[in-house]
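Q: I would like to go through this protein before planning my bench work. Could we look at the structure together?

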Amino acid sequence: MTKDNEPIVKSSCFVGLMIIIVGTIIQFSDESEFAVDKSKRGLTQVPKDLPLKTKVLDMSQNYISELQVSDVSFLSELKVLILSHNRIQLLDFSVFKFNQDLEYLDLSHNQLQKISCHPVVSFRHLDLSFNDFKALPICKEFGNLSQLNFLGLSAMKLQRLDLLPVAHLHLSYILLDLRNYYVKENEKESLQVLNAKTLHLVFHPNSLFSIQVSISVNTLGCLQLTNIKLNDDNCQVFINFLSELTRGPNLLNFTLNHMETTWKCLVRVFQYLWPKPVEYLNIYNLTIIESIHEEYFTYSKTTLKALKIEHITNQVFLYSQTALYTVFSEMNIMMLTISDTPFIHMLCPHAPSTFKFLNFTQNVFTDSIFEKCSTLVKLETLILRKNGLKDLFKVGLMTKEMPSLEILDVSWNSLESGRHEENCTWVESIVVLNLSSNILTDSVFRCLPPRIKVLDLHSNKIKSIPKQVIKLEALQELNVAFNYLTDLPGCGSFSRLSVLIIDHNSVSHPSTNFFQSCQTMKSVKAGNNPFHCTCDLREFVKNIGQVSSEVIEGWPDSYKCDYPDGYRGTPLEDFHMSELSCNITLLIVTIGATMLVLAVTMTSLCIYLDLPWYLRMVCQWTQTQRRARNVPLEELQRNLQFHAFISYSEHDSYWVKNELVPNLEKEGMQICLHERNFVPGKSIVENIINCIEKSYKSIFVLSPNFVQSEWCHYELYFAHHNLFHEGSNNLILILLEPIPQNSIPNKYHKLRALMTQRTYLEWPKEKSKRGLFWANIRAAFHIKLTLVTENNDVKS
C-alpha cells in the first residue's frame with residue numbers, strides 16, 4: 001500500500017537473482033511430479049532406487065564423499081541436482097555425460113580440491129563455491145556453456161586470466177568465495193572479470209579486511225561484498241580495493257553484507273562513494289564499534305539516489321547523537337532507509353532537503369520525531385512503522401510542514417485517537433495513510449486527512465464507522481479488517497469507495513442495502529465473519545449472489561454461517577430459508593387460507609359422503625349398546641333367536657314372502673321379518689339393531705329398489721358394523737336384480753365396497769338353475785345352532 005518496496009527492488013541485485021534461481025527450481029518442481037528430496041538423511045552415497053523419471057533431486061546436507069557415473073547415469077531426465085553441504089573431494093565432470101538435460105548443479109559447501117574437465121552439458125547454474133580449491137576451478141569446456149547464467153567459484157589465489165575461458169559469456173551472476181584467499185605481504189594479484197552483470201565476493205567472516213587484489217570489471221552493474229571487517233587502520237585498504245571495482249560507469253547497485261566497522265571508517269566509505277556512479281547503496285547487518293565522534297562530511301554533487309541500512313548493532317553506548325544523526329539527516333539524496341536499528345531520534349535537516357522517501361521502520365522514534373520540521377518540503381513517502389508513536393494528533397501536526405507528502409505509514413505503533421477534542425491537523429496532500437496495527441477506536445474517523453484515497457485501519461479496536469464522515473469523500477480504498485465492526489459500512493459517506501476489506505470482524509447481520517448504496521464497488525472482502533444465518537441474512541445472501549465473483553473476494557469459501565449451531569460451517573451460498581418461515585404476515589395468511597381450504601374440503605366431503613347420516617347411525621348404535629348393557633344377564637342369554645334376519649325393499653316383498661321365506665322355513669329355519677318380529681313401542685332403529693344381533697345371519701335382498709330405500713341402508717350399515725364388532729361372517733347378499741354402479745348414491749359407499757369385496761348370490765331367471773341357488777343358501781347355514789326361544793325352550 002505504501003510502495004516502500006520499490007527502492008528495495010531496485011537496489012538489490014542479489015535478492016533479485018536469488019529469486020530467479022529459487023524460482024527456477026520451483027518451476028522444475030511444479031512441472032514434474034518427480035521431484036525427490038533426500039536432504040538431511042545422513043546418506044553416504046546416492047540411492048540406487050530413485051525413480052527413473054526424476055527431474056529434481058536434492059541430496060544436500062548429507063555425508064556423500066564421492067560421485068560416480070553409476071550414481072546418476074540412469075537419471076536421463078534429471079534437470080536439477082543439489083549436492084551442497086556434503087563431503088565430496090573430487091569431481092569428474094564425465095559423471096554427467098548421460099545427463100544431457102542437467103541445467104542446475106549445486107556443489108557448494110563441499111571439500112572439493114580438484115576437478116577433472118570433460119565436455120559438459122548445457123548448464124544454466126553451476127555452483128562450485130565454498131570449497132577448498134587453490135585456484136579458480138575453470139575448465140576450457142566451460143566456454144561452451146552459452147546458456148550459463150550463474151557461476152559460483154572458490155580460490156585461495158587469483159591470476160589475472162583465470163576467467164578468460166568464460167570471458168565471452170554473458171553471465172548474470174558470478175560468486176567468488178575468497179574466505180581462504182591468502183597472499184604474502186607486499187604481493188599483489190589481479191583478476192579481470194568480463195561481461196558479468198553481478199559480482200559477489202565473500203571474504204573471511206572473522207578476519208580484518210586485508211585483500212589487496214586488483215579486480216577489474218567492464219560491464220558490472222551490481223557489486224556485492226560479504227563479511228567486511230574494518231577499523232581505522234585498514235579502512236584505506238578497503239577503499240583502495242574498491243577503487244578498481246567502482247571505476248566502471250555502469251555500476252549502479254552496491255551492497256555490503258555483514259559489515260563491522262568504526263563510525264569514522266563508515267563515514268570515509270560514504271565519502272568515497274559519494275561522487276561515484278553508484279545509485280543504490282545497501283548495507284545489511286551493520287555493526288558499529290569503538291567510538292562515535294563528529295566527522296566532517298562533504299555533501300558534494302552525487303548520483304546516489306538511495307541509501308538503505310537494515311539492522312544496525314551499535315556497540316558504542318556513550319556518544320553524541322548529533323554526530324550520528326547529522327550525517328544521515330543532511331544527505332542530499334532522494335531515498336533513505338534506516339530500519340531495525342536502535343535509533344531513538346532523527347534530526348530535521350538544516351536546509352530544504354532533497355529527501356522524497358524516508359523509511360525508519362523498527363526504530364524507537366517517539367511522537368517528537370520531525371516536530372516543527374519545515375525542511376522536508378519534497379518528502380513524498382514517510383514510513384515510521386514499528387516505532388514508539390502514541391498520539392495520532394501529534395502525528396498529524398508532524399505532517400503539517402510537509403507540503404509534498406502523499407504516503408504515510410505509521411502502522412505497528414501504539415497510536416491512540418480521541419485524546420484531543422479539537423480537530424486534527426494534517427497536510428492536505430496525503431492520499432495514502434496506513435494506521436494498521438495500533439489501538440485506534442471509532443474516534444479515529446474524526447482525525448483523518450481530508451483528501452485521503454487509501455486508508456488502512458486493519459487490526460485496531462474500531463467497533464463502528466460513523467454514519468456521517470463528510471471529510472472522506474475522496475476515499476477509494478478502505479481496509480478495516482481484524483476489528484470489531486458489526487456491520488458493513490454504507491457508501492453514503494464514501495461516494496467513491498471501490499475497495500473494501502472488512503474480513504475478520506464481528507459482522508453477523510450485514511445491511512441489506514449495502515450493495516445498493518455501493519454501486520461503484522470493485523472489490524469487497526468480507527469473509528471470515530460470524531454470520532448469523534437467520535431470516536435477516538436472506539436478502540444479503542441474495543444480493544451477494546447477484547454480484548460478480550471477481551468483486552466478492554474469497555466467495556464462497558470464506559463466507560460461512562456461525563450461528564445457529566445447526567448451520568455452523570455451512571457456506572452462505574448453501575443457506576436457504578423459505579419466504580413463508582421468515583414473513584409473519586405471509587405465514588398468518590397462509591395458515592388462514594389453509595384452514596379455510598381444509599374447512600371447505602371437509603364440508604364438501606361431509607356433504608359428498610353424507611357424514612351427518614353416519615354420525616346419526618353411530619349415535620343410535622351407541623345408545624342402543626348403552627341400553628343393552630342395562631339388560632339383566634338372564635335376558636342376554638336369549639340373544640340368538642333367529643337363523644336369519646331378512647332385509648328387503650317393500651317393492652320386493654312378493655319375492656321374499658313367496659319364494660325366499662317359504663324355502664328357508666321349509667328347512668326348519670327361524671326367519672326374522674320386520675313386519676312380524678319388530679317389537680311395538682321401540683324405535684325402528686332399535687328394532688333393526690335387536691333383530692340383527694339376535695340373528696345368526698343377515699340376508700340382504702339387493703335390487704334397484706333396495707338402493708333407493710333408506711331403511712334398507714340402515715339395516716345394511718348396522719349389519720356391516722356388527723360384522724367387524726363380532727368378528728364373524730354374518731352377511732349373505734342376494735342380488736335379485738342387477739344394480740348399475742352409477743345408480744348407487746355416493747353416501748352408500750359401504751354398499752359399493754361390499755359388492756366389490758364380497759361374493760353375492762344371484763337369483764337366476766332360469767328355473768333349471770334355481771336348485772343350485774337354494775343349495776348355496778342352505779350351505780351358508782351349515783352350522784347347527786341351539787336357538788333360545790322366547791320360552792327358554794331348547795330347540796335344535
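A: One definition comes first: a residue is buried under 20% relative accessible area, exposed over 50%, and partly exposed in between, with a 1.4 Å probe and protein chains only. This is a predicted model, in which local features need pLDDT of at least 70 and side-chain atom pairs count only at pLDDT 80 or more, while totals for chains, interfaces and linings use all residues. Residues are numbered from 1 along each chain as its sequence is written, and side-chain values use heavy atoms, with hydrogens and water left out.

Q: Is isoleucine 591 buried or exposed, then?
A: Isoleucine 591 counts as partly exposed, because its relative accessibility is 47%. This residue lies in helix H11, which covers residues 584-609. Helices here are DSSP runs of H or I with at least four residues, strands are runs of E with at least two, and both are numbered from the N terminus.

Q: Which nonpolar surface patch includes Ile591?
A: Ile591, Met595, Leu598, Met602 and Leu605 make a patch of about 470 Å². Patches take residues with over 30% relative accessible area and no salt bridge; like charges are joined within 9 Å, and nonpolar side chains (Val, Leu, Ile, Met, Phe, Trp, Tyr) within 5 Å. Areas come from the Shrake-Rupley method with a 1.4 Å probe, and for residues only the protein chains shown count as cover.

Q: Stepping back, how many helices and strands are there?
A: The protein contains 20 helices and 34 strands. Of its 796 residues, 48% are buried. The protein exposes about 39000 Å², and carbon and sulfur atoms supply 51% of that area.

Q: What share of the contacts comes from residues far apart in sequence?
A: Among contacts with a separation of 6 or more, 60% involve residues 24 or more positions apart. A contact means heavy atoms within 4.5 Å.

Q: Changing topic: how many salt bridges are there?
A: The count is 12 salt bridges, each being a side-chain nitrogen of Lys or Arg within 4 Å of a carboxyl oxygen of Asp or Glu. One of them joins glutamate 667 and arginine 778, with N to O at 3.8 Å.

Q: Which parts does that pair tie together?
A: Glutamate 667 sits in the loop between helix H14 (653-666) and strand S29 (671-672), and arginine 778 in helix H20 (residues 770-779), so the bridge ties together parts 111 residues apart in sequence. Glutamate 667 is partly exposed at 40% relative accessible area, and arginine 778 is partly exposed at 37%.

Q: What about glutamate 428?
A: Glutamate 428 forms a salt bridge with arginine 451, their closest N and O atoms being 3.2 Å apart. Glutamate 428 is in the loop between strand S20 (407-409) and strand S21 (432-434), and arginine 451 is in the loop between S21 and strand S22 (454-456), so parts 23 residues apart in sequence are tied together.

Q: Where are the cis peptide bonds at proline 556 and proline 564?
A: One runs from tryptophan 555 to proline 556, with omega near 5°, and proline 556 is in the loop between helix H9 (538-545) and strand S27 (561-563). Another joins tyrosine 563 and proline 564, with omega about -5°. Proline 564 is in the loop between S27 and helix H10 (579-582).

Q: Why point these out?
A: Most peptide bonds are trans, and most residues other than glycine have a negative phi. Glutamine 61 has a positive phi of about 55° although it is not a glycine, and glutamine 362 also has a positive phi, near 55°.
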